[in-house]
Amino acid sequence: MALTGCEWLGGSNAGKDREAGRVARAGSATLYRSDLTGLIGSYNSAEDSTEVVERFVDNWIKEELFIQEAANNINIDLTEIERKVANYRFTLISYEYQKQRIETMLNREVTEAEIDQYYQENLNNFILNQNIVQGRYIKLALEAPKKREVRRWIKSDRTQDLEALKTYCLQFASNYSLEDSAWLKFDDVIKNSPLSTISNKVQFLRSNRYIEETDSAYLYLFKIDGYKISDEVSPLEFVRDDIENIIINKRKVALAKSLENDIYERAKENEDFEIYR
């Protein structure tokens, strides 16, 4: 086990008979140097390659011992095992080929019209299971400066005030979100704040547009511009990425089916298969 990676693969024994190339034995099974070919890649040192080979040999021994123990102690239908191995091999080869072909053929461009159409046709699939909000949120240390200005800026719609607020938050805020149009999960916004203990969040959202809360270390400022509550239909903006992924995945499924049919029809035309009755 002290050989370097290259010595594992042959070293001075290269070219000798197979018996001389034995690396390890586990019960009735033998591992040869030829079985390690391709295992040693581009490693930084001989120590790295040796470690890889030693780990492989150790795992091989454990696996072989387990297989032989199982074969000696339970009734195994080897024909059924071979059938499952063949099916698994077919699945792997088919998957890899299908994946490569689909990647070369797939159109990943999804238009706004396609997204909107899918959304309108599947509204019942986009029912919210949580409350979401639009607005601004800032978490400040109690000793942070200019809190009076921050209170004014967070409520303002003036461009210069929003720019001033962004600059300020970059310097002093512990956490913040200023994208008014973005929909956020309300539970994520209020997490680790005094508001996380609200018992009736729906009533809270219906009754408040601006909130300030403090704890022993921080000041929390919330400006709520819009909200949707659980069991309402999600806004399109909140599920846009999900819909885009759904459309692309549907294209993948269609391409996979088309690929399978094309191969079958081409083989049928070329008489590459026969059914004997």
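Start by selecting helices α3 and α9: α3 passes α9 in a right-handed crossing. As you look around, keep in mind that this is a predicted model.

**Stop 1: α3 against α9**

To find the two helices, select residues 78-105 for α3 and residues 236-269 for α9. Two packed helices are described by the angle between their axes and the distance between those axes. Here the angle is about 115°, and the axes lie 10 Å apart. Angles from 65 to 115 degrees count as roughly perpendicular, so α3 is roughly perpendicular to α9.

Now show the side chains where the helices meet. On α3, pick Tyr97, Gln98, Arg101, Ile102, Glu103 and Met105. On α9, the partners are Lys252, Leu255, Ala256, Leu259 and Ile263. Try colouring this contact by class: you should find seven nonpolar, one polar and three charged residues.

**Stop 2: the largest pocket**

Stay with these helices, since α3 and α9 each supply at least two residues of the lining of the largest pocket. Select Phe90, Ser94, Tyr97, Gln98, Ala256, Leu259, Glu260 and Ile263 to see that lining. The pocket has a volume of about 190 Å³. How many residues of its lining are nonpolar, polar and charged? The lining has five nonpolar, two polar and one charged.

**Stop 3: α5 against α6**

Next, select residues 147-155 for α5 and residues 159-172 for α6. Their axes are 8 Å apart, and the helices pack at an angle of about 130°. That makes α5 oblique to α6. This time the crossing, in which α5 passes α6, is left-handed.

Show Val150, Arg152, Trp153 and Ile154 on α5, then Asp161, Ala164, Leu165 and Tyr168 on α6, and you have the residues that make the contact. They divide into six nonpolar, no polar and two charged.

**Stop 4: the cavity**

For the last stop, look inside. The structure holds one cavity of 30 Å³ or more, and the largest cavity has a volume of about 90 Å³. Three elements give two or more residues to the lining of the largest cavity: β3 (132-141), α7 (186-190) and β7 (218-228).

Which element gives the largest share of this lining? Strand β3 does, with five residues. To see the whole lining, select Val133, Gln134, Gly135, Arg136, Tyr137, Ser177, Leu184, Phe186, Val189, Phe222, Lys223 and Ile224. Colour them by class, and you will find seven nonpolar, three polar and two charged residues.

Terms used:
Residues numbered from 1 in each chain as written. Predicted model: local features only at pLDDT ≥ 70, side-chain atom pairs only at ≥ 80, totals over all residues. Heavy atoms only, no water. 1 Å grid on protein atoms, 1.4 Å probe; cavity = no way out; pocket = protein on both sides within 12 Å on 5 of 7 lines; lining within 4 Å. Points joined across faces, edges and corners; volume = space filled by probe spheres on them. Helix = DSSP H or I, 4+ residues; strand = E, 2+ residues; numbered from the N terminus. Nonpolar A, V, L, I, M, F, W, Y, C, P; charged D, E, K, R; others polar. Axes fitted to C-alpha atoms, helices over the stretch in contact; angles between N-to-C directions. Parallel < 35°, antiparallel > 145°, perpendicular 65-115°, else oblique. Left-handed = near helix turned anticlockwise from the far one by under 90°. Contact = heavy atoms within 4.5 Å.
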